[in-house]
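Visitor: I've got a model open and I'd like to talk through its strands. Can you walk me around?

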Amino acid sequence: MDIVTIGIITLSDRASRGEYKDLSGPEIKRYFSERIKNRIDWRYEVIPDDPDQLYHLLIEMSDLEIGLICTTGGTGPAPRDFTPQVTEKVCSKILPGFGEEMRRVSLRAVPTAILSAQTAGIRKKSLIINLPGKPRAIAECLDGVYAAIPYCLDLIGAPYMEFTQKGSHAFRPK
Amino acid sequence: MDIVTIGIITLSDRASRGEYKDLSGPEIKRYFSERIKNRIDWRYEVIPDDPDQLYHLLIEMSDLEIGLICTTGGTGPAPRDFTPQVTEKVCSKILPGFGEEMRRVSLRAVPTAILSAQTAGIRKKSLIINLPGKPRAIAECLDGVYAAIPYCLDLIGAPYMEFTQKGSHAFRPK
Amino acid sequence: MDIVTIGIITLSDRASRGEYKDLSGPEIKRYFSERIKNRIDWRYEVIPDDPDQLYHLLIEMSDLEIGLICTTGGTGPAPRDFTPQVTEKVCSKILPGFGEEMRRVSLRAVPTAILSAQTAGIRKKSLIINLPGKPRAIAECLDGVYAAIPYCLDLIGAPYMEFTQKGSHAFRPK
């Protein structure tokens with residue numbers, strides 16, 4: 001099995017200044033560590049709520065052919081939330097089914113789930129997925145879309161990942 | 001409690017010429033009057049199906065910092081329906097969860113609900129929501145998204161509204 | 001009853017080179033033949049996965065006032081999938097409810113349904129609908145949206161179609 005790299009970008013003014021410890025990035029790590037058999041190299045960045053930094057980081061990570069890039073934070077209606085908008089700008093193709101399904105799943109927990117503009121898309125050989133900023137909501141959202149991620153990575157030519165059978169099974173149509 | 005202003009824009013060639021009485025605008029008034037405790041100033045306009053008039057009115061209302069602006073009409077496939085397209089042009093951020101949820105709720109009543117391109121978005125400190133033109137469908141759609149509106153208004157810096165406990169409860173996460 | 005024309009565009013490099021027989025186009029024919037009472041003229045094209053050819057064909061078919069145009073194939077994340085992106089470019093109005101509902105219906109069968117960016121939209125007097133490339137999934141998706149198609153065609157000024165009562169009933173609100 002190849003070593004695979006996964007990119008994690010936490011958007012938070014306060015966490016980036018060290019005012020509190022980011023819990024969302026580690027939660028994404030935990031989620032995929034339990035499900036991916038390959039050795040994983042993590043590229044993990046905590047940045048302020050600044051669209052330019054996010055833009056350049058997404059470009060850089062996808063230029064490095066990191067197959068899976070997850071953002072956390074910045075998906076809501078507040079003025080300093082812009083993660084989905086930057087994601088749409090960076091991606092050559094948007095996959096609206098990710099956002100639809102993550103909102104539908106979150107909506108079972110909180111009615112404010114409709115306020116998230118989270119989306120997913122493709123740039124080069126990278127799948128970029130926007131996750132919520134709340135650590136508790138991350139596994140919830142990923143559970144809703146996880147089964148489709150391995151096949152998506154295959155289709156875009158990302159390194160092949162072996163998945164465990166934990167939780168909803170990764171699904172690769174024949 | 002502050003006085004809050006709510007904007008209502010009815011799009012209808014015939015109602016704007018006085019050929020029939022607009023029932024949709026008053027239905028939106030009724031809906032929010034029953035749910036908001038603040039004194040409400042209504043800014044209510046009935047305009048023809050003209051994209052330029054809608055565009056300038058949305059700009060004007062959001063420049064006046066009206067926190068909540070509801071449109072009714074013009075969300076379908078017909079050539080003179082363009083409300084969602086103008087809304088997307090005016091807004092700096094689209095919240096696709098509103099349209100998704102309103103269509104899902106309407107779909108329980110009529111299969112043609114998928115024909116509505118209704119959406120919602122943010123311009124400055126205003127939340128703009130597209131509602132259907134049929135008076136009966138307005139409460140149906142609002143019931144699907146209502147619980148998330150107060151928190152959305154808080155996040156964008158709109159005047160604080162106090163909501164009654166009528167129907168689905170307004171939800172503000174702590 | 002008028003004779004109506006329906007456009008079918010199959011996107012497949014291999015089928016267009018004759019390496020295998022297209023099954024998706026005929027499946028779309030079968031579906032509508034069983035449901036539309038009018039005599040149907042089919043405009044059926046099998047083209048390679050080439051965005052320019054799709055673009056010009058959609059323009060040509062809608063310039064000819066073909067009321068209903070269905071594409072099959074090219075809706076996924078792979079580099080040579082671009083049907084929804086070309087559809088969005090060609091259309092003056094997108095009807096996101098079609099894609100949402102088709103994904104929701106497909107999701108009952110396979111978790112990878114969220115990877116389809118399939119959409120629908122209007123150009124002039126044509127409704128363009130993206131269907132999946134897998135023949136088995138075509139009826140599944142169409143069943144989810146079929147009931148709204150006749151009314152949509154009426155609203156955009158396409159030739160009037162008479163529908164049979166097979167399967168989910170065509171629905172025209174009064």
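Visitor: How many bridges join β5(C) to β6 of chain C?

Guide: Strands here are DSSP E runs of at least two residues, helices H or I runs of at least four, numbered from the N terminus. Two strands pair if DSSP finds at least two bridges between them. β5(C) and β6(C), residues 126-131, run antiparallel, and R123(C) stands opposite S126(C). The number of bridges is four.

Visitor: Before we go on, what sort of model is this?

Guide: Residues count from 1 along each chain as its sequence is written, with chains lettered from A and ligands numbered from 1 in written order. It's a predicted model: local features need pLDDT of at least 70, side-chain atom pairs count only at pLDDT 80 or more, and totals for chains, interfaces and linings use all residues.

Visitor: Which residue takes a positive phi in the hairpin of β5(C) and β6(C)?

Guide: That hairpin has two residues between the strands. The one with phi near 50° is K124(C).

Visitor: And which residue in β5(C) is the bridge partner of I94(C)?

Guide: β4(C) and β5(C) pair in the antiparallel sense over two bridges. In β5(C), I94(C) has as its partner G121(C).

Visitor: Which element gives the largest share of the side of chain C that touches chain B?

Guide: Contact means C-beta atoms, placed from the backbone, within 7 Å. Chain C puts in 18 residues and chain B 15. On the chain C side, β4, α5 and α7 each supply at least two. The largest share, five residues, comes from α5(C).

Methods
Contact = placed C-beta atoms within 7 Å.
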